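Me: Could you take a close look at the paired charges in this one and walk me through them? I'd like one connected answer rather than a list.

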Amino acid sequence: MGHPAAAVWDNKAATEMTKDWNGIDQVVLRSPHGASARVSLYGGQVTSWRNDHGEELLFTSSKAIFKAPKAMRGGIPICFPQFGNGGSTELHGFARNKIWMIEDSPPPLHLNDSHGKSFVDLLLKPSDDDMKCWPHRIFVIPSSFEFRLRVSLAADGVLNMISRIRNVNGKPFSFSFAYHTYFSVSDISEVRIEGLETLDYLDNLCQKERFTEQGNAITFESEVDRVYVSAPNAIAILDHEKKRTFVIRKEGLPDIVVWNPWEKKSRAMGDLGDEEYKQMVCVDGAAIVRPITLKPGEEWTGRMQLKVVPSSFCSDHLGF
């Protein structure tokens, strides 16, 4: 285990330690232009991402439960080793409900993953109780693994997350994964998602039946809960009212989850306001449809980059 003083700052970007809502350590990353991100050691969860003007870009429910063992509804929870219930008693897996450690000297990443960025490296090692929560009905249970997470904030406010999961000994094991990202939007009826046209998706509202996306873009008029298969590595979320676009870039994450609970389900959720579905949309870089399998000694890496650009930045420039 490392020490908070090891958190790195470069290019006039700062990193500091504070406490989150449970009195648990959290790391605040700052860019020289005023952007910031907060990462709680509870779950390794990004709880805040603000632009240069201090505007919050991630959604957090006003009714979020800020008390362990409940994961906070909002920000970017990490779903591992499964997404959904996956045959386990713990929805979306245990990683989001565990205390992570700061790691001083993780295995090196590429220089570009550090230079000019404020970042923190976190480490999760499993306990015997974690293994009991493994979704054994659908996945092979590991003997042991290490889960490393780097969260970084670039000088221009771009947020990067890099997850590395290594099978350190024993037998092969398998898992699913998602960065369950809650984006803050002005009004869900004014939002469209580009980059998923013509793709197949599994509809969780229809017992995971497979359909093909027919529209030129995804828009919202009712509840949506889908897993898009073999999605491109660049996706755009356009917010017409705020005239801004979130650009998601991903590597090692073949799927995209799109979710909005809409009115009826929101009213049934104890940690989401009745009307708050209008101010959020979840778009997750994920590996769900085909679980990842690691042989002894193998490592998997999943990367996600989040950026905000003016909506005049046409999707033609994103390489769709």
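Reply: Let's start with E275, which comes out as partly exposed at 35% relative accessibility. Bear in mind that this is a predicted model. E275 makes a salt bridge with K278, and their closest N and O atoms sit 2.9 Å apart. K278 is also partly exposed, with a relative accessible area of 30%. Both values land in the partly exposed class because that class covers what lies between under 20% (buried) and over 50% (exposed).

The pair has company, too: E275 and K278 belong to a network of salt bridges that also takes in E263, R267 and D274. As background, side chains of opposite charge can pair when their charged atoms come close. Across the whole structure, the search turns up 19 salt bridges.

Another one worth a look is K265 with E223, where the closest N and O atoms are 2.7 Å apart. K265 sits in helix 2 (residues 262–268), while E223 is in the loop between strand 14 (209–212) and strand 15 (224–228), so this salt bridge ties together parts 42 residues apart in sequence. As for accessibility, K265 is partly exposed with a relative accessible area of 33%, and E223 is partly exposed as well, at 22%. E223 counts as partly exposed rather than buried because buried means under 20%.

Then there's E55 and R244, a salt bridge with its closest N and O atoms 3.0 Å apart. This pair links distant parts of the chain: E55 is in the loop between strand 4 (45–50) and strand 5 (78–79), R244 is in strand 17 (residues 244–251), and 189 residues separate them. Is R244 buried or exposed? R244 is buried, with a relative accessible area of 6%, whereas its partner E55 is partly exposed at 33%.

Since E55's loop follows strand 4, a word on the sheet that strand belongs to. It's an open sheet of 4 strands in the order 1-2-3-4, with antiparallel pairing. Strand 4 is one of the edge strands, along with strand 1 (14–19), and each of them pairs on one side only. On average, neighbouring strands here are turned by 20 degrees against each other, direction ignored. Inside the sheet, strand 2 (residues 25–30) and strand 3 (residues 36–40) pair in the antiparallel sense over 5 bridges, and V28 stands opposite R38 of strand 3.

Technical notes
Residues numbered from 1 in each chain as written. Predicted model: local features only at pLDDT ≥ 70, side-chain atom pairs only at ≥ 80, totals over all residues. Heavy atoms only, no water. Salt bridge = Lys/Arg side-chain N within 4 Å of Asp/Glu carboxyl O. Helix = DSSP H or I, 4+ residues; strand = E, 2+ residues; numbered from the N terminus. Buried < 20%, exposed > 50% of the residue type's maximum accessible area, 1.4 Å probe, protein only. Pairing = 2+ DSSP bridges. Axes fitted to C-alpha atoms, helices over the stretch in contact; angles between N-to-C directions.
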